[in-house]
Amino acid sequence: MRRELRVHGVSGTPPGDLLYAAPVTYDQGWDLAKVFEPTRDDWDVKAFHWGSLTSKSSLTALWILLAPFAMANLAGWMSETPNVWSRIWIRVAGLSISGIFFAQIANMSFDIPFSTGMSLTAVRWVYTVVCVVVVFGIGWLSTQSSFKPLTPAERLRYLFMPSLGAMNPLMKDPEWDDPADFEDGVVGTRLWSVHSIVHRLRRLHLTFGMTILAIVVSRATDNAALGITALSLAGLMMITLGLTTESWAANRVVLGATAIAPLAGLGVLGWALVTLALDEIAATSLNISDDLTYEVALVLGLAAGFGLLGELLTGGLRKGWVPMGLLAVAALIGANFGLTGAMLVETYLTEAGTTSETFDAGATFVTVGMLGLVLVIALAFVIATFFPKEAAEGSRIRRGILRARLLLAVAGVYAALVGVIAAIWSCQGEIDGCTQNNIQMPSWVTEDPSELTVLFGLPFDPTSLLGWAKLLMVAVPATLIIRSIVGGLLNGQDSRRKVGILWDLGSFWPRWFHPLAPPAYGPYAVTRLQTTITEVKPDVLAAHSQGSLISAVALCLADEDTAPQLFLTYGSQLGDLYPSLFPAVGLDALVDSTISQVGGRWLNLWRQSDFIGGQVIPELGTRNWEVITGSGHSYYELTTEFCAARQAVLSGDLFRPSDADMASCWEG
């Protein structure tokens, strides 16, 4: 009996849908990545299902809140000329995005309650509780692992224990250097093992966040000693981050500083909370968190500026705009989350329909800037769909998708221009120094208190640009996000699978650039599939969409004597979409190695109407079969071309059969 092993793509296709048969049985030995099989036909067909890695746990419903961190991590993998310089600036920019997140948390739990008249005792309690919940909550989410469930004790150990063993749990073959400085890319084993870099970066980010929370208290209580200590620790985290990326990563002083950093952060935050409980709040009108957000955003801009300078010096300035564009999108989405939360908190604590204090000069600029970014990307997408017009590229929508790198580059240029304008504007005004309060928006941009209308329970001025920006960039996304979280928590895995598409695409790559992103499922899925291929020894390995990437990597890592007689991919992004998005991770080498591993026995099915995987893999030549029947990205398994490709195993002929033979395939 012939054996076939199918691997699904994004959205966690259920095993029954993948096999087109019921009932299914499965191997109980594994938890999240399982092998299913049907009871039908002359083929022994099994389905390797990895979708539970990104949708089974109820916690995955909360991952949408980590989207900015996931994008910051992806920015590192999209770099076209990865080197020490690019890795440093991308990681420092990611650290700044973490800082913006914590500053927004402080705004919602400290500035707004104080400004709306909440009692000082209540403000102190709210901020203390929120600080504890956020620090340990983010720590809990960031220590999720696809390899094995972690106990609470293990999570605390990885977060706070000041030892080298807690930063490199295996201690089997310690690799203290930066694993992102790799040469073999996806075809090597190094990418798919556990690395200490994730544990080290997590400690630095969490400590940096705790210093942000402490700085807010130092400014509210005019405690200079606390402020200097917190700022010094924050600066030390940035320096240590740079040294962790550079050749100093294995230096014992750097490792020691990283090991004790979380405890130092807890000490500074504890000092801040005690100060908050005992000292008077000096500020009569708080705007501390917004000012701090502005300052951290400047650090983000400086990191991006130095990054572009480094790219210029290495001859790759044009190539640096793509990661900058994704980091800009990540920062603006994070700001969107912060503004949404601030509006909800402020509306809850005050009367709906009153003028919002959340949208000061800086917040107004950011909100209008977000609307501008969306419009610029949309315009670039429309233009990209018209050029070029080769028939091989399919529909206009597909042409736009294939130019995702161009769209991100446009976003990067836009962000740089807006950032420079904001920096110059904030330093040119009636107030000495550089401050967001120097940014004075024209009257047609800001809201008129007499024109406010309540929508979604929030006040808007439909006669102003800010009102429409708030509606389109804050209220509507907030409604969708809250609906997604609630639906994911209440409606089970099927509901979470829809949002899980984001993590299927974005969480394949390890968290080497931002540790607070959702856990990477790629290493677990690849190693599990590699084991399955060795055990099952399928005659046909059929992989759809994202499954083609997972399967190709697993094949390259598996023993040659377990290679299938046919590797069949369909709706695959390995042709041009992924190589264009991730040009420096070795996908071309992966395709060549896979062809060698299977002895050239690789067929790729594609459709003109498939927006995502409607592409040929150039190295396969005539072994790219266009699928005429059906449309879109799904149901390749029901086509005559799929059947004919499957039957090619019996004949040993990988040339496309005639239409008559193709039509009679299922009859045979």
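1. Surface patch. In this predicted model, a nonpolar patch on the surface is formed by Leu344, Ile482, Val486, Leu489 and Leu490. Together these residues have about 460 Å² of accessible area. The element that gives the most to the nonpolar patch is helix H15, residues 465-490, with 4 residues. Leu490 can serve as an example from the patch: this leucine lies in helix H15, and it counts as exposed because its relative accessibility is 68%, where exposed means over 50%.

2. The chain as a whole. The chain has 668 residues, and buried residues make up 56% of them. It contains 22 helices and 10 strands. The area exposed by the chain is about 26700 Å², and carbon and sulfur atoms supply 64% of that area. Among contacts with a separation of 6 or more, 71% are between residues 24 or more positions apart. Two examples of residues that are distant in sequence follow in points 5 and 6.

3. The cores. In soluble globular proteins, nonpolar side chains tend to be buried together. Here the largest nonpolar core has 128 residues. Tyr127, Val186, Trp509, Phe582, Leu587 and Trp602 are the residues with the most contacts inside this core. Helix H3, residues 84-115, supplies the largest share of the core, 15 residues. Another core, of 23 residues, lies apart from the largest one; its members include Val329, Ala422, Leu458 and Val474. What surrounds Tyr127, leaving aside its neighbours within four places in sequence? Tyr127 is in contact with Ala106, Ser109 and Phe110, with Leu213, Val216 and Val217, and with Leu273 and Leu276.

4. His514. This histidine is placed in the loop between helix H16 (493-506) and helix H17 (522-536). Is His514 buried or exposed? Its relative accessibility is 0%, so His514 counts as buried. Two polar contacts of its side chain can be checked in the model. A polar atom of the His514 side chain lies 3.1 Å from the backbone oxygen of Gly94. The side chain of His514 also reaches the backbone nitrogen of Leu516, at 3.3 Å. Not counting residues up to four places away in sequence, His514 touches Phe69, Ala72, Asn73, Gly94, Ser98 and His205. Gly94 thus appears both in the list of residues touched and as the owner of the backbone oxygen at 3.1 Å.

5. Gly500. Gly500 is found in helix H16. With a relative accessibility of 1%, Gly500 counts as buried. Its C-alpha atom is 5.7 Å from that of Thr54, although Gly500 and Thr54 are 446 residues apart in sequence.

6. Thr116. Thr116 lies in the loop between H3 and helix H4 (120-142). Its relative accessible area is 25%, so Thr116 is partly exposed. Which residues does Thr116 touch, not counting those up to four places away in sequence? They are Leu349 and Thr350. Thr116 and Glu346 are 230 residues apart along the chain, and their C-alpha atoms are separated by 7.5 Å.

7. Backbone angles. Most residues other than glycine have a negative phi. Lys537 is not a glycine, yet it has a positive phi of about 50°. Lys537 lies in the loop between H17 and strand E7 (540-544). Its relative accessible area is 44%, and it is therefore partly exposed. Tyr635, likewise a residue other than glycine, has a positive phi near 60°. Tyr635 is placed in the loop between strand E10 (624-626) and helix H21 (640-651). At 55% relative accessibility, Tyr635 counts as exposed. A reader checking the backbone can look at both loops.

8. Salt bridge. How many salt bridges does the structure hold? There is 1 salt bridge in the structure. Arg6 forms a salt bridge with Glu4, and the closest N and O atoms are 2.6 Å apart. Are its partners buried or exposed? Arg6 counts as buried because its relative accessibility is 2%. Glu4 counts as buried because its relative accessibility is 1%. Both values fall under 20%, the cut-off for a buried residue.

Notes: Residues are numbered from 1 along each chain as its sequence is written. This is a predicted model: local features need pLDDT of at least 70, side-chain atom pairs count only at pLDDT 80 or more; totals for chains, interfaces and linings use all residues. Side-chain values use heavy atoms; hydrogens and water are left out. A nonpolar core is a set of buried Ala, Val, Leu, Ile, Met, Phe, Trp, Tyr and Cys residues joined through side-chain atoms within 4.5 Å. Buried means under 20% relative accessible area, exposed over 50%, partly exposed in between (1.4 Å probe, protein chains only). Helices (H or I, at least four residues) and strands (E, at least two) are DSSP runs, numbered from the N terminus. Contact means heavy atoms within 4.5 Å. A polar contact is a pair of N or O atoms within 3.5 Å; within protein, one must be able to donate a hydrogen and the other to accept it, and residues adjacent in sequence count only if both atoms are side-chain atoms. Patches are made of residues with over 30% relative accessible area and no salt bridge: like charges are joined within 9 Å, nonpolar side chains (Val, Leu, Ile, Met, Phe, Trp, Tyr) within 5 Å. Accessible areas come from the Shrake-Rupley method with a 1.4 Å probe; for residues, only the protein chains shown count as cover. A salt bridge is a side-chain nitrogen of Lys or Arg within 4 Å of a carboxyl oxygen of Asp or Glu.
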